[in-house]
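Work through the exercises below with the sequence and the coordinates open. Each task is followed by a solution in steps.

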Amino acid sequence: MLKKIAGQLHLDTQYQNLLSEIKSRFKKAQLRAAIVVNHELIQFYWEIGELILDQQQKSSWGDKIFNDLAVDLQESFPGVQGFSKSNLYYMRMFAKHYPTRELFQALPGKLTWTHHTILIQMIEPQDAHIKQWYAAKTVENG
C-alpha cells in the first residue's frame with residue numbers, strides 16, 4: 001500500500017517541489033560543512049607546523065623528526081590520513097610560509113590543503129604578494 005501511495009505522490013507537483021527543496025538544502029548544508037571542516041583542518045595543520053618549527057628551533061632535531069613523528073602518529077591514529085612524513089613536512093613549511101596566518105585566514109574555506117601545499121612548493125616564503133595573487137586566482141577560477 002505504501003509503494004502505491006509513494007508512486008502516486010511522485011506525480012504530485014507539490015511533492016516534487018518539496019523533494020527538490022530538501023535535496024537542494026541538503027547539498028547546501030553539505031557544502032557549508034565541508035567548508036568548515038576544510039577551515040579547521042588547515043588551521044590544525046598550521047598549528048602542527050608551528051609546533052614542529054618551535055621544537056626544532058629549541059632542540060637539535062633535524063629532519064629525522066618527520067620520520068619518527070609520522071610513524072608514531074600513524075600508530076596512535078590508525079586509519080587516519082594526514083600524518084605522512086611528507087605531509088608533516090608540508091605542515092612545517094606552511095607555518096614557515098605564513099608566520100602570522102595572514103593568507104590562509106583571509107581565504108579560510110576557499111583553498112584546500114592541496115592548494116596550499118602547491119603554493120608553498122612553488123613560491124618562496126618571502127613572496128607573500130605572489131602567493132596572494134595565485135590564491136585569489138585559484139578562488140576566482142574555481
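The exercises go from the whole chain to single residues and pairs; the model is a predicted one.

**Exercise 1. The chain as a whole**

Task: Determine how many helices and how many strands the chain has, and in what order the elements run.

Solution:
- Step 1. The count gives seven helices and zero strands.
- Step 2. Read from the N terminus, the order is α-α-α-α-α-α-α.
- Step 3. The chain has 142 residues, and 25% of them are buried.
- Step 4. The exposed area of the chain is about 9900 Å², of which carbon and sulfur atoms supply 59%.
- Step 5. Take the contacts between residues at least 6 apart in sequence: 60% of these join residues at least 24 apart.

**Exercise 2. The largest nonpolar core**

Task: State which residues of the largest nonpolar core touch the most other members, and find which element gives the most to this core.

Solution:
- Step 1. The core holds 22 residues, and those touching the most other members are L88, M91, F94, Y98 and L119.
- Step 2. Two or more residues of this core come from each of α2 (13–58), α3 (64–76), α4 (85–97) and α6 (113–122).
- Step 3. The element that gives the most is α2, with six residues.
- Step 4. As background, nonpolar side chains in soluble globular proteins tend to be buried together.

**Exercise 3. Helix α4**

Task: Compare the span of α4 with the value expected at 1.5 Å a residue, then list the residues of α4 that are buried.

Solution:
- Step 1. The 13 residues of α4 should span 18 Å, because the expected span is 1.5 Å times one less than the number of residues.
- Step 2. The end C-alpha atoms of α4 are 18 Å apart, which agrees with the expected span.
- Step 3. The buried residues in α4 are N87, L88, M91, R92, M93, F94, A95 and H97.
- Step 4. Take N87 in helix α4 as a case. N87 has 10% relative accessibility and so counts as buried, the cut-off being under 20%.
- Step 5. Leaving out residues up to four places away in sequence, N87 touches Y45, G82 and W113.

**Exercise 4. F66 and W133**

Task: Decide whether F66 is buried or exposed, and do likewise for W133, with partly exposed as a further option.

Solution:
- Step 1. F66 is placed in helix α3. Its relative accessibility is 2%, so F66 counts as buried.
- Step 2. Beyond residues up to four places away in sequence, F66 touches I52, Q56, K85, L88, Y89 and R92.
- Step 3. One of these partners, I52, is 14 residues from F66 in sequence, and the two C-alpha atoms are 9.1 Å apart.
- Step 4. W133 belongs to helix α7 (residues 128–140). With 48% relative accessibility, W133 counts as partly exposed, because exposed requires over 50%.
- Step 5. W133 joins I130 and Y134 in a nonpolar patch on the surface, and together the three have about 300 Å² of accessible area.

**Exercise 5. Salt bridges**

Task: Give the number of salt bridges in the whole structure, then analyse the pairs R25 with E21, D68 with K64 and E140 with K137.

Solution:
- Step 1. The search of the whole structure finds five salt bridges. In general, side chains of opposite charge can pair when their charged atoms come close.
- Step 2. In the R25 and E21 bridge, the closest N and O atoms are 2.6 Å apart. Both residues lie in helix α2, four residues apart, about one turn of the helix. R25 is exposed at 57% relative accessibility, while E21 is partly exposed at 38%.
- Step 3. For D68 and K64, the closest N and O atoms are 3.1 Å apart. This pair also sits four residues apart, or about one turn, in helix α3. D68 is partly exposed with a relative accessible area of 37%, and K64 is exposed with 54%.
- Step 4. The closest N and O atoms of E140 and K137 are 3.5 Å apart. The two residues are separated by about one helical turn because they are three residues apart in helix α7. E140 is exposed with a relative accessible area of 56%, whereas K137 is partly exposed at 30% relative accessibility.

How values were computed
Residues are numbered from 1 along each chain as its sequence is written. This is a predicted model: local features need pLDDT of at least 70, side-chain atom pairs count only at pLDDT 80 or more; totals for chains, interfaces and linings use all residues. Side-chain values use heavy atoms; hydrogens and water are left out. Buried means under 20% relative accessible area, exposed over 50%, partly exposed in between (1.4 Å probe, protein chains only). Contact means heavy atoms within 4.5 Å. Accessible areas come from the Shrake-Rupley method with a 1.4 Å probe; for residues, only the protein chains shown count as cover. A nonpolar core is a set of buried Ala, Val, Leu, Ile, Met, Phe, Trp, Tyr and Cys residues joined through side-chain atoms within 4.5 Å. Patches are made of residues with over 30% relative accessible area and no salt bridge: like charges are joined within 9 Å, nonpolar side chains (Val, Leu, Ile, Met, Phe, Trp, Tyr) within 5 Å. A salt bridge is a side-chain nitrogen of Lys or Arg within 4 Å of a carboxyl oxygen of Asp or Glu.
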